[in-house]
Amino acid sequence: MVVLTADQVRAWDRFTIQHEPISSINLMERAAKCCTEWLCTNLPSSQSSYYIFCGKGNNGADGLAIARMLYEVDRQVDVFILEFGSSGTAEFQQNLQRLHPLPVGIHYIQTGSGFPIVPPGVIIIDALLGTGTTRPVEGEMRALIELINASPNPTISIDMPSGLFADQSTIPFSSVRAAFTLTFQCLKPAQLLAENAAAIGDLQVMDIGLLPRYLNQVQPEYELTGKTLSQSIIRPRNNFSHKGEFGHALLLAGSFGKMGAAVLAARACLRCGPGLLSCFVPEKGISIMQMAVPEAMVVRSTNSDHEKTNANDEHLGGDLPPLHQYQTIGCGPGIGTNPATVQLFKELIANFRKPMVLDADALNILSQNQDLFPSLPPFSILTPHPKEFERLAGKSANETERINKARELAKKHQLIFVLKGHHSLIAMPGGSAYFNMSGNASMAKGGSGDVLTGMLTGLLCRGYTPEQAALLGVHLHGLAGEFASADLGMESVLAGDISDHIAKAFIYLTS
Ligand SMILES: NC(=O)C1=CN([C@@H]2O[C@H](COP(=O)(O)OP(=O)(O)OC[C@H]3O[C@@H](n4cnc5c(N)ncnc54)[C@H](O)[C@@H]3O)[C@@H](O)[C@H]2O)[C@@H](O)CC1
Ligand SMILES: [K+]
């Protein structure tokens with residue numbers, strides 16, 4: 001599956017029309033047939049009446065073709081065409097002519113007073129605007145969209161909920177809020193934004209047979225993580241290998257009352273295959289860590305000044321252990337922002353030059369010390385949730401702006417940003433960006449991020465490149481959440497359960 005912009009999809013349509021070859025109207029027939037079959041298969045046959053709202057572009061032309069096909073399978077259909085004052089595209093005109101001889105109600109609507117009231121039980125098909133949306137909806141179009149949204153009837157949008165931009169955020173403007181969106185051939189960037197979830201509803205991708213070889217000549221704006229990509233990254237463990245070959249990771253995590261974050265990160269790290277893990281935790285957390293994660297070692301501050309160490313025994317502080325022995329370091333879960341910890345973080349950045357993983361309070365410290373950005377080791381992985389990213393990069397008006405900021409910062413400072421969310425966005429130093437496609441709402445709980453930090457640290461330590469670790473780690477984390485919820489249900493999955501299901505995710509990817 002790929003993500004393409006509206007222009008790229010239009011070019012794909014043209015490519016298919018030229019090279020298959022197929023006429024534009026016949027390609028549209030294929031699209032309408034896919035939608036009609038989906039409607040007949042997925043909606044109860046008791047729901048057999050449709051109000052189809054059409055614009056006069058090719059999205060509206062789809063609506064007219066769907067109306068004809070639904071009539072042909074004995075559905076009751078009424079079509080409502082919003083008058084723009086133009087005659088419409090050639091395909092619109094052709095499909096209108098094909099519909100005219102049939103006993104389907106065709107109504108032209110111009111003003112709010114002429115808009116229909118949708119009777120109960122009737123399904124609304126939204127074919128007003130598709131990928132051709134270039135400006136915010138206003139006037140009669142907006143009024144009609146509001147009428148559709150105010151009606152309790154289920155709405156199915158064709159290709160895009162009308163009004164929604166395909167490539168960028170639509171906030172603060174309105175769009176149709178659909179129960180289902182039947183989109184053609186591939187995902188469009190806006191369909192992956194969390195802020196559009198309520199507009200898009202359940203997204204279904206219809207394969208309308210566009211020629212796959214077009215994809216060889218296109219550079220997608222976004223790529224997707226997935227099983228094939230992860231499988232191409234995963235390296236088997238050699239039979240003759242020993243623990244020394246899989247590196248030694250260091251985790252800086254925890255503070256009084258937040259040792260759980262450290263434990264979660266440590267356990268998840270160990271599930272990703274490092275040879276050894278040491279945890280640098282505050283004095284008061286040492287016994288917790290030793291009991292909860294016996295597989296990990298604990299290092300204590302090398303500061304011989306007993307008073308200084310004791311003063312900080314609830315927070316990380318003092319001196320760092322010698323760092324040269326570690327392949328990578330994960331820093332942040334539960335560390336807080338105590339001045340001693342801030343100082344320790346600055347020393348860490350000054351003394352460790354290999355890519356590391358920064359999360360949670362490490363990011364909060366960074367946002368208060370922005371001058372540290374240029375000193376971060378290149379290719380380090382930063383994993384902010386939206387609030388943490390706002391502290392790092394300032395407020396964003398919408399998700400597109402947030403993603404663009406992350407992509408710019410990744411390029412500017414040669415870092416990898418993982419913007420955590422339903423489809424986490426991974427921005428690479430080279431400019432590419434990936435949406436993650438695994439995971440579900442069972443993971444929207446405290447501690448999930450600590451698990452991800454541990455996993456990324458473990459994969460980096462294990463010898464994956466930072467880009468590989470980010471792509472594999474984020475995908476694997478989501479998969480582990482899916483396996484956990486399959487076993488335990490959406491409500492009851494705990495962050496530790498995600499960790500406990502990493503093994504299943506690995507097995508799934510390697511078998
Ligand atoms: N053969 C083809 O060309 C195919 C086209 N397809 C359909 O064609 C659609 C794209 O069609 P179009 O490019 O004609 O565009 P749309 O039908 O999405 O929009 C029609 C026109 O509305 C105008 N418009 C833009 N924003 C507006 C706004 N806010 N308020 C009012 N008018 C606005 C623009 O002039 C635009 O060209 C796809 O979404 C898909 O549904 C599919 O059937 C696949 C095949
Ligand atoms: K639409």
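H423 is a buried residue in this predicted model, because 21 other C-beta atoms lie within 10 Å of its own, where 20 or more are enough for a residue to count as buried. H423 sits in the loop that runs between strand β15 (416-419) and strand β16 (425-427), and it belongs to a group of residues that UniProt, in an unreviewed entry, lists under "binding site". The points below start from that group and then turn to the sheet around it and to the chain as a whole.

**The listed binding site**

- The UniProt entry, which is unreviewed, names K420, G421, H422, H423, S424 and G449 for this feature.
- These residues span 30 residues in sequence, yet no two of their C-alpha atoms are more than 14.0 Å apart, so they gather at one spot.
- When neighbours within four places in sequence are left aside, H423 is in contact with L192, F435, N436 and M437.
- G449, another of the listed residues, lies in helix α15, which covers residues 448-462.
- G449 counts as buried because it has 25 C-beta neighbours inside 10 Å.
- Apart from neighbours within four places in sequence, G449 is in contact with D359, A360, T383, H385 and K420, and K420 is itself one of the residues in the UniProt list.

**The sheet and a helix across it**

- An open sheet with mixed pairing is formed by 10 strands, in the order β8-β17-β16-β15-β14-β13-β12-β9-β10-β11.
- At the edges of this sheet stand β8 (223-224) and β11 (297-299), each of which has a single partner strand, so one side of each is left without a neighbour in the sheet.
- Strand β9 (residues 248-252) and strand β12 (residues 328-331) run parallel and are joined by four bridges, and A249 stands opposite T328 in β12.
- Helix α14, made up of residues 399-413, lies across β15, β16 and β17 (433-435), and its direction is at about 160° to that of β15.

**The chain as a whole**

- The protein chain contains 18 helices and 17 strands, and its C-alpha trace spans about 90 × 50 × 40 Å along the principal axes.
- Of the 511 residues in the protein chain, 49% count as buried.
- Among contacts in the protein chain with a separation of 6 or more, 73% are between residues 24 or more positions apart.

Technical notes. Residues are numbered from 1 along each chain as its sequence is written. Chains are lettered from A and ligands numbered from 1 in the order in which they are written. This is a predicted model: local features need pLDDT of at least 70, side-chain atom pairs count only at pLDDT 80 or more; totals for chains, interfaces and linings use all residues. UniProt positions are given in the numbering used here, feature names are shortened, and annotations may be inferred rather than shown by experiment. Helices (H or I, at least four residues) and strands (E, at least two) are DSSP runs, numbered from the N terminus. A residue is buried if 20 or more other C-beta atoms lie within 10 Å of its own, exposed if 12 or fewer, and partly exposed in between; C-beta atoms are placed from the backbone. Two residues are in contact if their C-beta atoms, placed from the backbone, lie within 7 Å. Two strands pair if DSSP finds at least two bridges between them. Axes are lines fitted to C-alpha atoms, for helices over the stretch in contact, and angles run from 0 to 180 degrees between N-to-C directions.
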